[in-house]
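Please look over the sequence and the fold together before reading on. The paragraphs below then lead through the structure, one region after another.

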Amino acid sequence: MGTEREALLQAVDALWSDKLYKIILSAPASGAKETSVGTEGAPRRAEVRRIVLNRLDAGWQAERYTAKQVFHENLSAGEARSLVEEELSGAFRQCGAWDGEWEHTIRISQKGKVTGMRKRLAAAQAPKAKTEHNRKKQYLLEEGTVIPPLVDMGVFTADGKVVRSMYDKYRQINRFVELIDDEIDALPADQTIRIVDFGCGKSYLTFILYYYLVHLKGRDVRITGLDLKADVIGRCNQAAEKYGYDRLHFQVGDIGGYESPDPVDMVVSLHACDTATDHALYHAVRWKAKLIFSVPCCQHELNRQMEGGSLPILTRYGIVKERTAALMTDAVRANLLTESGYRTQLLEFVDLSHTPKNLLIRAVRTVLPASVRKQARREVEELKEAFGFQPTLDRLLSGEER
């Protein structure tokens, strides 16, 4: 397998050049499916029959053809090359590429043997270059800028270029920053912004958040990262000192018992396990934090409590019960935040270290009509009655648990 992969990379090396302007991937491998056509929309499960890449002024555009539709995605040169390599590693068995002088072909046999060849073309034989294009996506964390945490994470090279194999993580990190950037105006522009990151772990996104707020937005911030692991906290503080992030501090502590000495403007909680997320959200509401960003995980509480009631089909099968309980947990959390005066959304978020997609709770403190808050409460009560559970966040906010 390693030899076949190496042969494929050598074949792509042989055809790739600055003059290359069109690539066609064809001959789908048997049973190959595309599970995430496009990067911004909802994932689709569709059989992709052909991918055409056209070089444009600002990079490349990939056109993915299914039986009924075509999807477009704008790419940098590195992303385009990475796409060709990955798609030929399993989804397609043939590649044609043109650079104006040569037609390059890569064929992959059923047994995985890679054959590369080229032939000189007359001008009349070469396909026309595509010149029109959509505007290339502009990322908040721009390639070509040296961002020390991204260099240490292996996403950027030392001179600020995206490592070819790390484009997915590069896009995921930018997506996280975009989710915050959408609501940045809710934070004060003329005073210190105080942020608490609960369950910060290795703090990859905490460092990115600091860079975004301080170096890109010019805000005065004070960020505290909290985690139970002393060794991890020690390394995070060393990294903050190394980067010169003097307004970022990490400390050992438990989410449930944490008390902030200062008012808190924003609470971040990424992957605090099970009811630890509820304690983080409770603190945010209690502090009247203006912004909340939370990616829950391990939602076991309701799974242990819920009963079938009038819908036993949802609790009969273990996997269905587990997933239903997880979705109900986050829906209840969102409603409780709405009742507490937050404009709340549940958004899709791809974690940096796991392939499954997670939900991100984004909440902005605002003035909501009483009818909206009452409706949110009524829906929670109906769900509790139907399935017989008592969510921790509800008990915390009602004062039943501390």
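**A walk through the predicted model**

Strand 11 and strand 12 (residues 291–297) pair in the parallel sense, and six bridges connect them. Within this pairing, Ser 269 has Ser 294 of strand 12 as its bridge partner. Between the two strands the chain passes through helix 7 (residues 276–286), and the resulting β-α-β crossover is right-handed. The model is a predicted one, and everything described here should be read with that in mind.

Strand 11, which spans residues 266–273, is mostly covered, with six of its eight residues buried. Strand 11 is also joined by four bridges to strand 8 (residues 193–198), and the two run parallel. In that pairing Asp 197 stands opposite Val 268 of strand 11.

How many of the 11 residues of helix 7 are buried? Nine are, and because the cut-off for buried is under 20% relative accessible area, helix 7 can be described as largely enclosed by the rest of the structure. The buried residues in helix 7 include charged and aromatic side chains as well as aliphatic ones, among them Asp 278, His 279, Leu 281, Tyr 282 and Val 285. Arg 286, by contrast, is partly exposed, with a relative accessible area of 33%. After helix 7 comes Lys 288, whose phi is positive, near 60°.

Arg 286 also takes part in a salt bridge with Glu 259, in which the closest N and O atoms are 3.3 Å apart. Glu 259 lies in the loop between strand 10 (248–252) and strand 11, whereas Arg 286 belongs to helix 7, so the pair ties together parts that are 27 residues apart in sequence.

A second sheet-forming region can be followed next. Here seven strands make an open sheet in the order 4-3-2-1-5-6-7, with antiparallel pairing. Strand 4 (70–75) and strand 7 (114–120) stand at its edges, and because each has a single partner strand, one side of each is left without a neighbour in the sheet. On average, and with direction ignored, neighbouring strands of this sheet are turned by 15° against each other. In a regular strand the side chains alternate between the two faces of the sheet.

Strand 5 (residues 92–98) is mostly covered, with five of its seven residues buried. Strand 5 pairs with strand 1 (residues 22–28) in the antiparallel sense over six bridges, and in this pairing the bridge partner of Pro 28 is Phe 92 of strand 5. Strand 5 is joined to strand 6 as well, by five bridges and again in antiparallel fashion, with Ala 97 standing opposite His 104 of strand 6. Strands 5 and 6 form a hairpin with three residues between them, and in the turn Gly 100 has a positive phi of about 95°.

Strand 6 (residues 102–108) continues the sheet towards its edge, pairing with strand 7 in the antiparallel sense over seven bridges. His 104, which stands opposite Ala 97, also stands opposite Arg 118 in strand 7.

What links between charged side chains does the structure hold? There are 30 salt bridges in the structure, one of which joins Asp 13 to Arg 81, with the closest N and O atoms 1.8 Å apart. Asp 13 lies in helix 1 (residues 2–15) and Arg 81 in helix 2 (residues 77–88), so this pair ties together parts that are 68 residues apart in sequence. The two partners are covered to unlike degrees: Asp 13 is partly exposed, with a relative accessible area of 43%, whereas Arg 81, at 13% relative accessibility, counts as buried.

Another salt bridge is formed by Arg 64 and Glu 73, the closest N and O atoms being 3.7 Å apart, and here both Arg 64 and Glu 73 are buried. Elsewhere, Glu 339, Arg 377, Glu 381, Lys 384 and Asp 394 are linked in a network of salt bridges.

The surface offers a last point to inspect. Leu 311, Ile 313, Tyr 317, Ile 319 and Val 320 form a nonpolar patch there, and together these residues have about 440 Å² of accessible area. Of these residues, Ile 313 has its place in helix 9 (residues 313–316).

Notes
Residues are numbered from 1 along each chain as its sequence is written. This is a predicted model: local features need pLDDT of at least 70, side-chain atom pairs count only at pLDDT 80 or more; totals for chains, interfaces and linings use all residues. Side-chain values use heavy atoms; hydrogens and water are left out. Buried means under 20% relative accessible area, exposed over 50%, partly exposed in between (1.4 Å probe, protein chains only). Two strands pair if DSSP finds at least two bridges between them. A crossover is right-handed if, with the strands pointing away from the viewer, the path from the first strand over the helix to the second runs clockwise. Patches are made of residues with over 30% relative accessible area and no salt bridge: like charges are joined within 9 Å, nonpolar side chains (Val, Leu, Ile, Met, Phe, Trp, Tyr) within 5 Å. Accessible areas come from the Shrake-Rupley method with a 1.4 Å probe; for residues, only the protein chains shown count as cover. A salt bridge is a side-chain nitrogen of Lys or Arg within 4 Å of a carboxyl oxygen of Asp or Glu. Axes are lines fitted to C-alpha atoms, for helices over the stretch in contact, and angles run from 0 to 180 degrees between N-to-C directions.
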